[in-house]
Amino acid sequence: MKPIKVGLLGIGTVGSGTFQVLKRNQEEIRRRAGRGIEIAMVADLNVERARELTGGACEVVADARQVVEHPDIDIVVELIGGYGIARELVLKAIANGKHVVTANKALLATHGNEIFKAAQEKGVMVAFEAAVAGGIPIIKALREGLTANRIEWIAGIINGTTNFILSEMRDKGLDFDVVLKEAQRLGYAEADPTFDIEGVDAAHKATIMSAIAFGIPVQFDKAHVEGITKLQATDIRYAEQLGYRIKLLGIAKRAEVNGVAGIELRVHPTLIPAKRLIANVEGAMNAVLVQGDAVGATLYYGKGAGAEPTASAVIADLVDITRLATADPGHRVPHLAFQPNAMTDTPILPMSEITTSYYLRMQVADQPGVLADITRILADATISIDAMLQKEPAEGESQTDIIMLTHQTREKHVEAAIARIEALPTVAGQVTKIRLEQLS
Ligand code: HSE
C-alpha cells in the first residue's frame with residue numbers, strides 16, 4: 001500500500017522531533033500502522049533551515065497554504081501555534097478533506113467547538129494528543145482506556161515551566177522572581193513566560209480534558225485561571241511544615257450546587273498532601289491524576305514538553321489516523337470522547353460556588369483576643385478549622401503569622417470571612433488564601 005502523505009506546518013522543536021523520530025523508527029511505525037507514513041511537504045518561513053533539517057527528503061515551501069491546498073497531502077500536522085493563522089489553516093485543511101494533527105492547545109481550547117464541528121461535517125479526523133501533557137498519552141487514556149468510567153475529577157500538573165519554578169522555590173527557599181530569572185537563563189522558561197506563569201497554558205489543557213471527561217463543549221472563557229506569580233516562598237515553607245506541597249494544578253471536577261449538577265474548571269496554586277505521588281512530581285515533569293468511578297485513581301506521568309516526547313504524541317496520532325483513514329467516520333472514536341449528539345450542557349460553575357479546603361495566612365498583632373475574633377468569624381461563616389500553626393513573633397516584633405487549614409467549604413463563604421478578618425484592627429494587610437485539595 002502507498003505511504004500516507006503528511007504535510008508539516010512548522011518545523012521548529014516539535015516538527016524536527018517528529019521528522020527525526022519518524023525517520024528513526026519508520027520500520028516499526030510502518031509495521032504498526034499497516035502502511036508507511038511519509039512527510040512529503042514541510043512549510044516553514046525559514047526555508048533554508050527547514051531544508052537543512054529535512055536533508056532534501058521532502059518538498060519545503062515558505063507558504064503553509066501550499067501544503068493545505070496540495071492534493072497529495074492526506075494529513076496536515078499543525079505546529080505553528082496561536083489561534084490566528086493556525087485556525088485559518090486548520091479550517092482550510094479540513095475543508096479540503098484533510099485530516100489534521102495539532103499540538104495547539106490554545107487553538108483547541110478557544111476554537112475547538114468550531115473545528116470539531118467542521119471536521120465532523122467533512123468526515124475527517126482532528127487528533128490532538130500532543131496538545132495536553134506532551135508525551136503522556138492522556139487523551140488516549142481518557143477517551144478510550146477509561147471509557148467505561150464516569151470520570152469524577154481530574155487534577156494535573158500540566159505545565160512544566162511552573163512546576164520547575166515551584167520545585168526550585170521549595171528546594172532553595174527562593175522567591176518567585178529570582179527562580180524565574182534562573183529558569184529563563186537555563187532555558188526552562190520562555191523569554192516571554194506569561195502564558196505559563198499566569199496559568200493560561202495549564203487552563204487551555206484543563207479545558208480540553210474537561211470536555212473529554214464530561215462530554216461538554218470546550219469553554220476556556222469560563223475557566224478560572226490563576227498562576228504562580230503571587231506565590232511567596234514563606235507559604236511554600238509553612239505548607240511544608242503542615243505536611244503539604246504547593247503545585248499549580250489544573251482541575252476539572254464534577255460538582256453539585258443545591259442539587260444541580262455543575263463542573264468546576266480551575267487552575268491555581270494548590271496545597272496537596274506531601275505523601276501523594278503527584279506531590280512528588282518535580283522539575284519540568286507533568287502528571288495527571290484521574291478519578292474514575294470504576295477504576296478509582298489512575299496516575300499518568302512523563303515529559304510534558306520537548307522535541308521527542310511531543311513528537312511521540314504527534315506520531316501516535318499519525319498512526320491512529322493512518323489506521324482509521326478508510327474507516328466509516330461514524331465508527332471512529334469521537335473527537336471529544338462522547339458522540340457529538342450526546343454532549344451535555346452541564347454548566348461550568350462560577351468560582352464562588354466551588355467547594356474545596358483552604359490555607360489561610362494572616363499577619364496578626366500578638367495580643368489577647370485576636371485568635372478568638374478570627375475563629376468567631378470563621379464559625380459564623382460555617383467554616384471548620386482543620387489545622388493551625390502559629391509562630392512566636394520574631395525578636396523585637398509585635399506581629400506574627402497565623403496559618404489555618406480549613407475543612408471543605410464554599411469559596412463564597414471563605415471570601416466573606418476573609419473580608420471580615422481583613423477589617424479587624426489587629427490584622428495587618430491582606431489574608432493569603434491558597435486552595436487545598438486532598439486528592440483522595
Ligand atoms: N510551555 C509548556 C510547559 C509546554 O511549560 O509545560 C508546552 O505545553
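Helices here are DSSP runs of at least four residues, numbered from the N terminus, and the exercises below apply to a predicted model.

**Exercise 1.** Work out which helix holds Thr 18, and whether Thr 18 is buried or exposed.

*Solution.* Begin with the helix: Thr 18 belongs to helix H1, which covers residues 13–24. Next, take the relative accessible area of Thr 18, which is 1%; since buried means under 20%, Thr 18 is therefore classed as buried. Finally, look at the side chain of Thr 18, which comes to 2.8 Å from the backbone oxygen of Val 14.

**Exercise 2.** Identify the residues around the ligand and sort the shell by class.

*Solution.* First, list the surrounding residues, which are Lys 105, Asn 159, Gly 160, Thr 161, Asp 196, Asp 201, Lys 205 and Ala 305. Then sort them by class, which gives 1 nonpolar, 3 polar and 4 charged residues in the shell.

**Exercise 3.** Describe the polar atom pairs that Gly 160, Thr 161 and Asp 196 form with the ligand, and then place the ligand in the protein.

*Solution.* Start with the ligand's oxygen atoms: one lies 2.6 Å from a backbone N or O atom of Gly 160, and an oxygen atom is also 2.5 Å from a side-chain N or O atom of Thr 161. Turn then to a nitrogen atom of the ligand, which is 3.0 Å from a side-chain N or O atom of Asp 196. The ligand exposes 260 Å² when taken alone, and the protein buries 81% of that area. As a last step, note that the ligand takes up the space of the largest pocket, and that helix H8 (160–172) and helix H11 (200–214) are the elements giving two or more residues to the shell around the ligand.

Notes: Residues are numbered from 1 along each chain as its sequence is written. This is a predicted model: local features need pLDDT of at least 70, side-chain atom pairs count only at pLDDT 80 or more; totals for chains, interfaces and linings use all residues. Side-chain values use heavy atoms; hydrogens and water are left out. A residue is near a molecule or strand if one of its heavy atoms lies within 4 Å of it. A polar contact is a pair of N or O atoms within 3.5 Å; within protein, one must be able to donate a hydrogen and the other to accept it, and residues adjacent in sequence count only if both atoms are side-chain atoms. Accessible areas come from the Shrake-Rupley method with a 1.4 Å probe; for residues, only the protein chains shown count as cover. On a 1 Å grid over the protein atoms alone, a cavity is a set of points where a 1.4 Å probe fits but cannot get out, and a pocket is an open set with protein on both sides within 12 Å along at least five of seven lines; lining residues have an atom within 4 Å of a point. A molecule sits in a cavity or pocket if more than half of its atoms lie within 2 Å of its grid points. Ala, Val, Leu, Ile, Met, Phe, Trp, Tyr, Cys and Pro count as nonpolar, Asp, Glu, Lys and Arg as charged, and the others, Gly among them, as polar. Buried means under 20% relative accessible area, exposed over 50%, partly exposed in between (1.4 Å probe, protein chains only).
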